[in-house]
Amino acid sequence: MQDVTVVDHPLVRHKLSLMRRKQTSTKSFRQMLKEIGGLICYEVTRDLPLADVEVETPLATIQAPVLAGKKLVFAPVLRSGMGMLEGMLELVPAARVAHVGLYRDPATLACVEYYFKAPTDLAERLVVVIDPMLATGNTAIAAADRLKEAGAKQIRMACLVAAPEGLSNFHGHHPDVRVWVAAIDQRLNEHGYILPGLGDAGDRMYGTK
Ligand code: URA
């Protein structure tokens with residue numbers, strides 16, 4: 001599929017299988033979502049530009065590479081994006097965070113914005129949207145729309161599980177945004193849930209159902 005990277009590292013596949021199990025506890029689910037967040041972040045940031053700076057080791061002075069340019073922005077879609085964010089911030093602790101509050105109207109599956117707070121200089125930064133479940137794609141589309149409206153020019157998308165329908169919907173609207181995902185599942189059910197999926201990621205990570 002165009003512009004989608006499936007992060008199929010054995011650790012990611014193993015943890016995702018454990019997360020799918022309906023008997024997995026809230027605590028374990030949250031822990032593994034955080035861990036997979038870090039592993040996916042590793043791939044999303046694989047090609048970040050570097051620039052040499054002078055480094056003095058105890059023995060010599062050398063030119064050594066550090067990340068170049070402005071700090072990244074992680075943009076978790078509330079609520080479930082917060083679970084992956086934690087693991088991503090462990091790897092990139094200086095990243096900025098843009099919170100995007102969107103929920104799906106259960107009747108229409110349309111997106112409703114209830115909160116948005118982002119750094120003012122989005123145009124100068126790489127923005128990584130975090131939305132674990134790319135189901136219909138409508139939430140991810142609305143999040144990318146909103147971030148572009150706020151100035152973002154370079155966006156990437158970090159997900160956990162995607163439905164094929166959601167991916168093609170998303171790329172129809174945002175062909176410039178590459179997606180990283182741990183698995184592409186079979187399809188959506190009539191309620192807009194991913195099959196086989198793992199249920200409602202927000203409910204499972206916060207124990208609200
Ligand atoms: N959101 C979820 O949390 N799970 C799905 O399967 C679809 C949307």
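This dialogue discusses the helices, cysteines, salt bridges and nonpolar cores of a predicted model.

Visitor: Let us begin with a helix. Which residues of helix α5 are buried?

Guide: In helix α5, which spans residues 164–173, the buried residues are G166, L167, F170 and H171. Viewed down the axis of α5, these buried residues fall within an arc of 125°, so they line one face of the helix.

Visitor: I turn next to the cysteines. How many disulfides does a search of the whole structure find?

Guide: The search finds zero disulfides. A disulfide requires two cysteine sulfur atoms within 2.5 Å, and one may apply that cut-off to each cysteine in turn. For C41, the closest cysteine sulfur is that of C159, 14 Å away, which is too far for a bond. C111 is likewise in no disulfide, the nearest cysteine sulfur, again that of C159, being 13 Å away.

Visitor: Are these two cysteines buried or exposed? I ask about C41 and about C111.

Guide: C41 is buried, with a relative accessible area of 1%. C111 is partly exposed, at a relative accessible area of 26%.

Visitor: How many salt bridges does a search of the whole structure find?

Guide: There are 13 salt bridges. For each pair, it is useful to read the distance, the positions in the chain and the accessibility of both partners. One of the salt bridges joins E35 and K15, whose closest N and O atoms are 2.7 Å apart. This pair links distant parts of the chain: E35 belongs to helix α2 (residues 26–44) and K15 to helix α1 (residues 10–20), with their positions 20 residues apart. E35 is partly exposed, with a relative accessible area of 28%, whereas K15 is buried, at 17%.

Visitor: With which residue does R156 form a salt bridge?

Guide: The partner of R156 is D47, and their closest N and O atoms are 2.8 Å apart. This pair also links distant parts of the chain, 109 residues apart: R156 lies in strand β10 (residues 154–158), and D47 lies in the loop between α2 and β2. R156 is buried, with a relative accessible area of 12%, while D47 is partly exposed, at 45%.

Visitor: What separates R146 and E149 within helix α4?

Guide: R146 and E149 form a salt bridge with closest N and O atoms 3.6 Å apart. Because they are three residues apart in helix α4 (residues 138–149), about one helical turn separates them. R146 counts as partly exposed, at 21% relative accessibility, and E149 as exposed, at 62%. Elsewhere, salt bridges with shared partners join K70, D121, E124 and R125 into one network.

Visitor: Finally, the nonpolar interior. Which residues have the most contacts inside the largest nonpolar core?

Guide: They are I40, F74, L160 and L198, within a core of 36 residues. At least two residues of this core come from each of α1, α2, α3, β8 and α6. Helix α2 supplies the largest share, seven residues.

Visitor: Which residues are in contact with I40, leaving aside its neighbours within four places in sequence?

Guide: With those neighbours left aside, I40 is in contact with V7, M84, A158, C159, W180, V181 and A182. A second, separate core has 28 residues, V4, L122, A162 and F170 among them. F170 is also one of the buried residues of α5, the helix with which this discussion began.

Technical notes. Residues numbered from 1 in each chain as written. Predicted model: local features only at pLDDT ≥ 70, side-chain atom pairs only at ≥ 80, totals over all residues. Heavy atoms only, no water. Buried < 20%, exposed > 50% of the residue type's maximum accessible area, 1.4 Å probe, protein only. Helix = DSSP H or I, 4+ residues; strand = E, 2+ residues; numbered from the N terminus. Arc of directions from axis to C-beta. Salt bridge = Lys/Arg side-chain N within 4 Å of Asp/Glu carboxyl O. Core = buried A, V, L, I, M, F, W, Y, C linked by side-chain atoms within 4.5 Å. Contact = heavy atoms within 4.5 Å.
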